[in-house]
Structure formats: C-alpha cells, structure tokens
Amino acid sequence: MRDIAVFSGSAHPELAAEICAQLGVPLRPARVSRFANDCLEVQLQANCRERDVFLIQPLVPPVQEHLVELLLMIDAARGASAGRITVVLPHYAYARSDKKDAPRISIGGRLVADLLTSAGAHRVLAMTLHSPQVHGFFSVPVDHLHALRELAGHFKRYDLTNTVVVSPDLGNAKQAAAFARMLGTPVAAGAKQRFSDDKVTISAVIGDVTGRDVIVLDDEIAKGSTMIELMDHLRELEVGSIRLACTHGLFSGDALARLSEQPGVLEIVCTNTVPIPAGKQGPKLKVLSVAPALAEAMRRIHNGESVSALFG
C-alpha cells in the first residue's frame, strides 16, 4: 500500500505490528522521551508529508500517559504535513464516562473526543465502544467496529443446541441479541443496578436459562464484579456450564484469577484490543486477534471503500 504510514504508541505495539503484517506495510518508528520535568515528547521517525497516517493506541493503564502520548503523536503528524490522520482506538477507556448520572460530574467520553479532534485527528477507527452514543461525541467521522464475528467464530465450534447468550445488563442486550442471532441461540439479560465502580447488584435474570449452558457476553471485563454477581444468580437458576466472553479483557488486579476460580466456568474469551501481561494469563483464558479486522478497515479507509460493508 503506497502513501500510508502506520505508527504505534507504547500502549500495545504488538497489536500494531500484527496489523502492519496483515496490511503488508512496515510499522514506522516513533520515539517517546521524557524531559526532566516529567513532560513527554514524541517524534515520528518517518516521512508523513501528504501521507495517509494511522496512529494506533488503545487507552489502557496508565490511561492518562497513553492519552497524552496519543495527543502528541497527532500533533506531530499534523506538524509534519500529514495528508490525513486517522486515530485507531482499539479500546477507548473514557467511553464509560458517557452520561451525566450524578450532579456536577464530568463527561470524559465527550471531552477526550474533543481533545483528539483539537489535536488534529481527521477520523477515528474504534472497536466496541461502551455505548452507541459515544460515537456521536466525535465531530469527525468514526468507523465503529465490533468483535462479534471473531467471538462467534470461536463459539461456533461447540455444540450450542442447549445454549443461551446472557447479557449482564439491559444496556448490552442489543449486542447480546445480535451475538445470539449469529450463534442461533436464545438470549437472556440481567437486571443490573450499579452503585459504584466495583459495587453492582443484579436483582433478576430475564429469560429462560435453567438447565442451559450459558455464554455471558459483555463489552469489557475490568474488575469482574458484574460477572461474579451475575454468575451467582445463574447458579441459583441451575444453569449448566458457563463461558465468559468480552471484547476488552482488562482484568485489573486479580480479576482473571477470581473469574477462573468461579464454579462452572469453563472458558474466558476476549480479544487482543488491550495487552494482557503474560503473568495474568491462565489456562481458561483464550485471546482472539482483531488485527485482521482492524487491518481490513484501515485498508478500506485508505482506498475510500465502505467500512460498514464489513458487517453486511
């Protein structure tokens, strides 16, 4: 592919390298340095002039460091006369701050979108945003991908005749229903109420799950408190086996170990939108690659082809 330049921040260079291998282009070098006063500086070490520049950076811990690094990369590309700057956000952490549900709180999802645009981003390529309205926070074009095909391809290897897809809450029920259609299974959902970042209650499970194997689908798993609360209810309803699936496997703290130890859990499936440290991986974890999907979307963006056709 001519006239394309792909750079990666320090958040997930392994994913960027895999995407470039799919595209058949080199991953261009970028240097991130820190001054004595703790300020960051970024230098893109390849020609950007009039090129289609893609900057790959998921917002993962430390989120603020990686966000500032991304903003500086955008600014460097704009200063280098890039023809177009596309920010590739495999994980947009601030998407969870998408509503004003308490007095005097910030809406970080919109603010960070404004920052990316003000820095010079011309378009954004994102994967599985926390909610559909986050798409509208951006004043530049957004191509919003999902990983349902990759996840469905994995689970289709099993006998699903007695399986039901379960959403942890009603907010994710639409995605879960689409996933269930791909698998040819029924769908159920939990009635969840969140009180804090790590305190949730699920009062009921809506749908028939008794005696069935379940696949619990969510957009991300961080502390795992929602999944554990839901699984308590599922076991009370005497479900069979339990498999957990998500796009973004953040697994903060000991979340992965706690989930793996839950009775009845056979498998935990996520994608590589965020890096999973080797020390956190366990025998029940399966990581699927979204590099082919992101690479194909980037190729279509570069060539002016439809990205939505990927989901036709």
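This note goes through a predicted model, point by point.

1. The open sheet. Six strands form an open sheet in the order β2-β1-β5-β6-β7-β8, and their pairing is parallel. The edges are β2, residues 27-28, and β8, residues 142-145, each of which pairs on one side only. At the β2 edge, β1 (residues 4-8) runs parallel to β2 and is joined to it by two bridges. Valine 6 has leucine 27 of β2 as its bridge partner.

2. A helix across the sheet. Helix α2, residues 63-79, lies across three strands: β1, β5 (52-56) and β6 (84-89). The angle between α2 and β6 is about 165°. Angles over 145 degrees count as roughly antiparallel, so α2 and β6 are roughly antiparallel.

3. The largest core. What fills the largest nonpolar core, and which elements supply it? It has 36 residues, and those touching the most other members are Ile74, Tyr92, Leu116 and Phe138. At least two residues each come from β1, β4 (40-44), β5, α2, β6, α3 (108-119) and β7 (123-127). Helix α2 gives the largest share, seven residues. As a general point, nonpolar side chains in soluble globular proteins tend to be buried together.

4. One core residue, and a second core. Leaving aside neighbours within four places in sequence, leucine 116 is in contact with Leu67, Leu70, Leu71, Ile74, Leu89, Ala121 and Phe138. Another core lies apart from the one just described. This other core has 26 residues, including Met227, Cys246, Leu259 and Leu285.

5. Packing of α1 and α8. Helix α1 covers residues 13-23 and helix α8 covers residues 291-303; their axes are 8 Å apart, at an angle of about 60°. That angle is why the two helices, α1 and α8, are described as oblique to each other. The crossing of α1 past α8 is right-handed. On the α1 side the contact is made by Leu15, Glu18, Ile19, Gln22 and Leu23. On the α8 side it is made by Ala291, Pro292, Leu294, Ala295, Met298 and Arg299.

6. The β3-β4 hairpin. Strand β3, residues 30-34, runs antiparallel to β4, with five bridges between them. Arginine 31 stands opposite glutamine 43 of β4, and arginine 34 stands opposite leucine 40 of β4. Five residues lie between the strands of this hairpin, where aspartate 38 has a positive phi near 80°.

7. The two faces of β4. Which side chains of β4 are buried? Leu40, Val42 and Leu44 are buried and point to one face, whereas Glu41 and Gln43 point to the other face and are not buried. In a regular strand, side chains alternate between the two faces of the sheet.

8. Helix α5 and the loop after it. The buried residues of α5 (173-183) include Ala176, Ala178, Phe179, Ala180 and Leu183. After α5 comes glycine 184, with a positive phi near 75°. Threonine 185 sits in the loop between α5 and β10 (187-196). Is threonine 185 buried or exposed? Its relative accessible area is 11%, and the cut-off for buried is under 20%, so threonine 185 is buried. Leaving aside neighbours within four places in sequence, threonine 185 is in contact with Leu160, Thr163, Val165 and Ala180.

9. Backbone points to check. Most residues other than glycine have a negative phi, and most peptide bonds are trans. Proline 61 and proline 62 are joined by a cis peptide bond, with omega about -5°. Proline 62 belongs to the loop between β5 and α2. Serine 81, in the loop between α2 and β6, has a positive phi near 65°. Arginine 104, in the loop between β6 and α3, also has a positive phi, near 55°.

10. Accessibility of those two loop residues. Serine 81 has 25% relative accessibility, so it counts as partly exposed. Arginine 104 has a relative accessible area of 76%. The cut-off for exposed is over 50%, so arginine 104 is exposed.

Technical notes: Residues numbered from 1 in each chain as written. Predicted model: local features only at pLDDT ≥ 70, side-chain atom pairs only at ≥ 80, totals over all residues. Heavy atoms only, no water. Pairing = 2+ DSSP bridges. Helix = DSSP H or I, 4+ residues; strand = E, 2+ residues; numbered from the N terminus. Contact = heavy atoms within 4.5 Å. Axes fitted to C-alpha atoms, helices over the stretch in contact; angles between N-to-C directions. Core = buried A, V, L, I, M, F, W, Y, C linked by side-chain atoms within 4.5 Å. Buried < 20%, exposed > 50% of the residue type's maximum accessible area, 1.4 Å probe, protein only. Parallel < 35°, antiparallel > 145°, perpendicular 65-115°, else oblique. Left-handed = near helix turned anticlockwise from the far one by under 90°.
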